[in-house]
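I opened a new notebook page for this one. My plan is to go from the overall layout to the sheet, and then to what sits inside.

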Amino acid sequence: MDVSGKVRRPGIQRLPTGSRVVDALEAAGGASPGVDMTGLNRARVLADGEQIVVGAPPGAGPPPPNAPARTPGPGPSGGPTAGPLSLNTATVEQLDALPGVGPVLAQHIVDYRTEHGGFRSVSDLRQVNGIGARRFADLRPMVQP
């Protein structure tokens, strides 16, 4: 687990399987004083190799290794955002703004995330009702876990 951003001891933290974001924060010495952690789901179960960026807007972290080039997409205010949309933190409205995703499919994505404790990889998106091979291929470069 790579914990970066506004924490006391940024860097690689070794955590047991099943650890949550709160455990990674604790291992990194906690967030720096005054950091807004509103967009950080501290109860989410972590995936191996994941990076947690503390104090950055949702989706502002770097892409995972071997990720496709970042493509601008609509941000929360309708303006462009600087990278792939996080399946684990995106709102229904943000998901709805992706090409080929309407409000119903966006809600299915959020429901899957809630029921399964989040997305461990982008390929988990194939398990969502309404995501076929073609739609998955279109969405894959625009999202990250």
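**Layout of the chain**

I read along the sequence first and wrote down the pattern β-β-α-β-β-β-β-α-α-α-β. That gives four helices and seven strands. Note to self: this is a predicted model.

Next I looked up some totals. The chain has 145 residues, and 37% of them count as buried. About 8200 Å² is exposed, with carbon and sulfur atoms supplying 52% of that area. I also checked how far contacts reach along the sequence. Taking contacts between residues at least 6 apart, I found that 42% join residues at least 24 apart.

**The sheet**

Which strands make up the open sheet, and in what order? I found three of them, lined up as β2-β1-β3, with mixed pairing. The edges are β2 (11-12) and β3 (51-54), and each of these pairs on one side only.

I then zoomed in on β1, residues 2-5. Two bridges tie β1 to β2, and these two strands run antiparallel. Here I could pick out a facing pair: aspartate 2 stands opposite isoleucine 12 of β2.

**The cores**

Before going inside, I reminded myself of a rule from class: in soluble globular proteins, nonpolar side chains tend to be buried together.

Here the largest nonpolar core has 20 residues. The members that touch the most other members are Leu95, Leu98, Ile109, Leu125 and Val128. Which elements give two or more residues to this core? They are α3 (103-116) and α4 (133-139). The largest share is from α3, which puts in five residues.

I followed up on valine 128. Ignoring neighbours within four places in sequence, I listed its contacts as Leu105, His108, Ile109, Tyr112 and Phe119.

There is also another core, lying apart from the largest one. This other core has 14 residues, including Val3, Ala28, Ile52 and Val54.

**The aromatic pair**

Last lookup of the day: how many aromatic pairs does a search of the whole structure find? I got one. Its partners are tyrosine 112 and phenylalanine 119, with ring centres 5.0 Å apart and planes at 35°. Why is the pair called tilted? Planes under 30 degrees apart would count as stacked and those over 60 as edge-to-face, so the 35° between these two rings makes the pair tilted.

Are the two partners, tyrosine 112 and phenylalanine 119, buried or exposed? I noted both tyrosine 112 and phenylalanine 119 as buried. I also marked that Tyr112 and Phe119 are both on my contact list for valine 128.

Methods:
Residues are numbered from 1 along each chain as its sequence is written. This is a predicted model: local features need pLDDT of at least 70, side-chain atom pairs count only at pLDDT 80 or more; totals for chains, interfaces and linings use all residues. Side-chain values use heavy atoms; hydrogens and water are left out. Two strands pair if DSSP finds at least two bridges between them. A nonpolar core is a set of buried Ala, Val, Leu, Ile, Met, Phe, Trp, Tyr and Cys residues joined through side-chain atoms within 4.5 Å. Buried means under 20% relative accessible area, exposed over 50%, partly exposed in between (1.4 Å probe, protein chains only). Contact means heavy atoms within 4.5 Å. Accessible areas come from the Shrake-Rupley method with a 1.4 Å probe; for residues, only the protein chains shown count as cover. Rings of Phe, Tyr and Trp (its six-membered ring) pair if their centres lie within 6.5 Å; planes under 30 degrees apart count as stacked, over 60 as edge-to-face and the rest as tilted.
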